[in-house]
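Welcome, and please open the model in your viewer. Let's take a short walk through it, one selection at a time.

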Amino acid sequence: MADEIKYEYKTVQTVRGTDGLVISKMRKDGWEVVEQSQGALRSTLTFRRPKKPLPWPLVGAGAAVLAIIAIVIGTAAALSDGDEQKDEAAKPAVDASDKPSATPTPTAAERAAVEVITPENNSELAALLKASDTCDEANADFAIKYAGRTIAFNGSIVNMAPHGDYETRYDFLLGPGDNGSNTTVGPAFQYEDVNVAELSLTGKDVPAALGVGDKFRFVAQVVDFNAVQCLFHLDPVSTETR
């Protein structure tokens, strides 16, 4: 049906107890909740909002342009058809290396999915890493907008402690910069319930043991922001010594 509403969808993970904050922020941008799944620690929220239709003048103009293009292509094909057989014998053999690549050009969405966000290519991350309030609303805004995306920044271990009763799994608190436990700017980034192997340590002089103050290039996936604890949750991708 021509009047059928078409929707775009977005899925966001939140720490249980912060669902209301996330839902409120998404509603301001026109999203509505269509599904809510409760996990032991995190919730998964699915939102949708109507896609913006193209203005009718643009739709009509686009159809007219396509019609003209089709006529031109058809005419050109008819005119050139008779000459193809004569020209074919005169064409030099084409080397396989000269043929265009069959690999399709990635779409903007595909490029965004693999692009690593850094302070150098993203002004929002650059500002976030310099913020003085770990509970600032900008943390939640960034976590919602870039959930599932990968970020990279230079930072250090602010604190580390065993996760629960485990002896080899830890909760790491990370901060931007080189100041370890004296870090006073940026979000309180947390790796929760991970072992050392999951950090994927790389680089020169990989330490045999980790401690507060150790400096790394952290590459991690954005998970969510806990507004109650003021913790910005990340999942480790790689950790390079520096």
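How much space lies in the second largest cavity? About 30 Å³. Keep in mind as you go that this is a predicted model.

**Stop one: the second largest cavity.** Select Ile-157, Phe-172, Leu-174, Leu-199, Leu-210, Phe-216, Phe-218 and Thr-239, and you have the lining of this cavity on screen. Two elements, β6 (170-176) and β9, each give two or more residues to that lining. Colour the selection by class and you will find seven nonpolar residues, one polar residue and no charged ones.

**Stop two: the largest cavity.** This space comes to about 80 Å³. To see its walls, start with Val-12, Gln-13, Leu-21, Val-22 and Lys-25, then add Ala-140, Ala-143, Ile-144 and Ala-147, and finish with Val-223, Asp-224 and Phe-225. Now show the ribbon for β1 (7-15), α1 (19-28), α5 (137-145) and β9 (215-226): each supplies at least two residues of the lining. By class, this lining has nine nonpolar residues, one polar and two charged.

**Stop three: the whole protein.** Zoom out and switch to a cartoon, where five helices and ten strands make up the list of elements. Of the 242 residues, 30% count as buried. Next, turn on contacts between residues at least 6 apart in sequence: 61% of them join residues at least 24 apart. Finally, display the accessible surface, which comes to about 15,500 Å², with 54% belonging to carbon and sulfur atoms.

How values were computed: Residues are numbered from 1 along each chain as its sequence is written. This is a predicted model: local features need pLDDT of at least 70, side-chain atom pairs count only at pLDDT 80 or more; totals for chains, interfaces and linings use all residues. Side-chain values use heavy atoms; hydrogens and water are left out. Helices (H or I, at least four residues) and strands (E, at least two) are DSSP runs, numbered from the N terminus. Buried means under 20% relative accessible area, exposed over 50%, partly exposed in between (1.4 Å probe, protein chains only). Contact means heavy atoms within 4.5 Å. Accessible areas come from the Shrake-Rupley method with a 1.4 Å probe; for residues, only the protein chains shown count as cover. On a 1 Å grid over the protein atoms alone, a cavity is a set of points where a 1.4 Å probe fits but cannot get out, and a pocket is an open set with protein on both sides within 12 Å along at least five of seven lines; lining residues have an atom within 4 Å of a point. Grid points are joined across faces, edges and corners, and a volume is the space filled by probe spheres set on the points. Ala, Val, Leu, Ile, Met, Phe, Trp, Tyr, Cys and Pro count as nonpolar, Asp, Glu, Lys and Arg as charged, and the others, Gly among them, as polar.
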